[in-house]
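Colleague: Could you take me through one part of this model at close range? I would like to hear about helix packing first, and then about whatever else helps to place it.

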Amino acid sequence: MKFSQKLDNFFEISARNSTIKAEIMGGLTTFFAMCYIMLVNPSQMVGFTQFDPTITGAQQVWNAVYISTAIGAIIGTLLMALYAKMPFAQASGMGLNSFFFVSFMVNGFGTAGSIFAEGGDIKASYAAGLSIIFVAGLVFMFLSVTGLRKKITEALPTCLKKAIPAGIGLFIAFIGLKNAGLVEANKYTFVQLINLNVFSGGVTWYKIAPAVAAFFGFLVIAALSKTKLAKGNIIIGIIATTCLYYLFNIGNDAAFQVSMINPGDTFRDFGELGVQGWFKGFQYWTGGAVLQAILLVITFCLVDMFDTLGTLQGTAAEAGMLDENGNPRNLNKCLMADSTATVVGAMMGTSTVTTFVESAAGVSAGARTGLSSLVVALMFFIAMFLSPVASVIPGCATAPALIYVGVLMMKNFKEVDFSDLTTAVPAFLTLLMMPLTYSISNGIAVGMISYMTLKLFKVFFTKEYSIKEYFAIGKGATGEFFSKDIVIFIIGALFLVRFFMVTM
């Protein structure tokens, strides 16, 4: 049997109406859309303190996290490829890495105080944080093994299942606009269009070049979507934007500088700090730190769980890989791969590993099987030794892919029933809060809280059915499975506790 046929049989490529070429293109698209994590994650976890000469050991921690980021992505994505056989990639989650820095580096944990306090030790804070991530990963794994995470997914009301993909679409489109520099911060209006007035607006061509290149790259992707090159439109758009970026920057030497990281230093620091950190971190769990640890574990659990569930729901919907109940295929295996990657990632030295929303870019480029995830894992392995692989492609080049995927994912929202505001309001809030709070889990949380509030209002004030009927196990008077709502009420209550007790 030919090797290609073996690949086809193992990954069910033909059965999922895909091809080996499409899977490779999809995998490359996903990697280039998320490879920024290799350089961004270390900086987020140490809060860019590697540039602060007053903080001893910051560069060593940065080096350790660089390697652990790659290893966490490789292991998590390999599990998705070979165990779950799904086109989803994993890596250290954005947002959670910044929360890691604030929780352990800035605020301090237990006897590992703040790195900015007298006697602060960044290596101790790093180790303490890894111990929390390790425990949170074990909790993820328990929920996955017992099937509780799957039950939570299945309990999501239909209105949220329809809103989540659309909300993620807006979220990743906003990420794309931000990465390209098309939108920027404004202290009065929070966000604004980049100033393009190079004639009298005080800006240079080089400053707006990334935004202009990204905009045209997005139009290239959209235009090619209706041609014979449709299956490769995203990767072509990334290449076109990259070429435009460097073309527009001729004469700007800074744009052509490539960051080189010494592999010897990074692997040495990884061995000394990353691999052993999580175990050493437990020595800082003393006295009142135990209660702090419990709150932090719950927080990391909630955020990662719903980031992952939201990403799986949205990406699977885009790929047409939902079952008859509207849930992602192979859901248990995907969740198990996610939780295992978090545990192993903590043992390697990185913050929570989660399913990346940028996987949707690969899906839109044709990825339908685990072969695309295998390609992503291979690319991360290469990037671990050759940092230019992750830095040659500018952020503005992958931005068009994210914006384009946002367009595609919005189609799910049209299926929300707007004739009933008890479903329309939670769906709308879920859609709106994801990009505005820069968090998938926050969007789902607000949607859940509004859903349970409106449901309770319906029970107590409309008298459409009795409280006893509503909370009965099985079918209620209206034919709905109300027992599922109880799960949403519990999760919504936990999110309320998190909002009021933990700052993120």
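Modeller: Happy to; what follows begins with one helix and its two partners, then turns to some single residues, the cysteines and a loop.

A word on the ground rules: this is a predicted model, in which local features need pLDDT of at least 70 and side-chain atom pairs count only at pLDDT 80 or more, while totals for chains, interfaces and linings use all residues. Residues are numbered from 1 along each chain as its sequence is written, and side-chain values use heavy atoms, with hydrogens and water left out.

Let us start with helix H13, residues 331-348. Helices (H or I, at least four residues) and strands (E, at least two) are DSSP runs, numbered from the N terminus. One partner is helix H4, residues 58-84, whose axis comes within 9 Å of that of H13 and crosses it at roughly 155°. Axes here are lines fitted to C-alpha atoms, for helices over the stretch in contact, and angles run from 0 to 180 degrees between N-to-C directions. That angle makes H4 roughly antiparallel to H13; the classes are under 35 degrees for roughly parallel, over 145 for roughly antiparallel, 65 to 115 for roughly perpendicular, and oblique for the rest. The crossing of H4 and H13 is right-handed, a term used if the near helix is turned clockwise from the far one by less than a right angle, with anticlockwise giving left-handed.

On the H4 side, the contact (heavy atoms within 4.5 Å) is made by Ser 68, Ile 71, Ile 75, Gly 76, Leu 79, Met 80, Tyr 83 and Ala 84. From H13 come Lys 333, Cys 334, Met 336, Ala 337, Thr 340, Ala 341, Val 344 and Met 348. By class, the contact of H4 with H13 has 12 nonpolar, three polar and one charged residues. Here Ala, Val, Leu, Ile, Met, Phe, Trp, Tyr, Cys and Pro count as nonpolar, Asp, Glu, Lys and Arg as charged, and the others, Gly among them, as polar.

H13 also packs with helix H6, residues 122-145, at an angle of about 160° and with the axes 8 Å apart. H6 and H13 are therefore roughly antiparallel to each other, and their crossing is left-handed. In H6, the residues that meet H13 are Leu 130, Ile 133, Phe 134, Gly 137, Leu 138, Phe 140, Met 141, Ser 144 and Val 145. Their counterparts in H13 are Asn 332, Leu 335, Met 336, Ser 339, Thr 340, Thr 342, Val 343, Ala 346 and Met 347. The contact of H6 with H13 has 12 nonpolar, six polar and no charged residues.

Now for some single residues. Thr 354 lies in strand S4, residues 353-355, and counts as buried at 4% relative accessibility. Buried means under 20% relative accessible area, exposed over 50%, and partly exposed in between (1.4 Å probe, protein chains only). Beyond its neighbours within four places in sequence, Thr 354 is in contact with Ala 89, Gln 90, Ala 91, Gly 93, Asp 304, Asp 307, Thr 308 and Asp 338.

Met 384 is found in helix H15, residues 370-385, and is buried, with a relative accessible area of 6%. Setting aside residues up to four places away in sequence, Met 384 touches Met 38, Tyr 66, Ile 67, Ala 70, Ile 71, Ile 74 and Phe 267. The C-alpha atoms of Met 384 and Ala 91 are separated by 13 Å, although these residues are 293 apart along the chain.

Ala 180, in helix H8 (residues 158-180), is buried at 3% relative accessibility. Among the residues that Ala 180 touches are Pro 210, Ala 214 and Cys 396.

As for cysteines, the structure holds zero disulfides, a disulfide being a pair of cysteine sulfur atoms within 2.5 Å. The sulfur of Cys 35 is 12 Å from the closest cysteine sulfur, in Cys 396, too far for a bond. Cys 301 has its closest cysteine sulfur in Cys 334, 19 Å away, which is also too far for a bond. Both Cys 35, at 3% relative accessibility, and Cys 301, at 8%, are buried.

Finally, the loop between helix H1 (3-11) and helix H2 (20-34) holds Glu 12 and Asn 17. Glu 12 has a positive phi near 55° and is partly exposed at 38% relative accessibility. Asn 17 has a positive phi of about 55° and counts as exposed at 73%. Most residues other than glycine have a negative phi.
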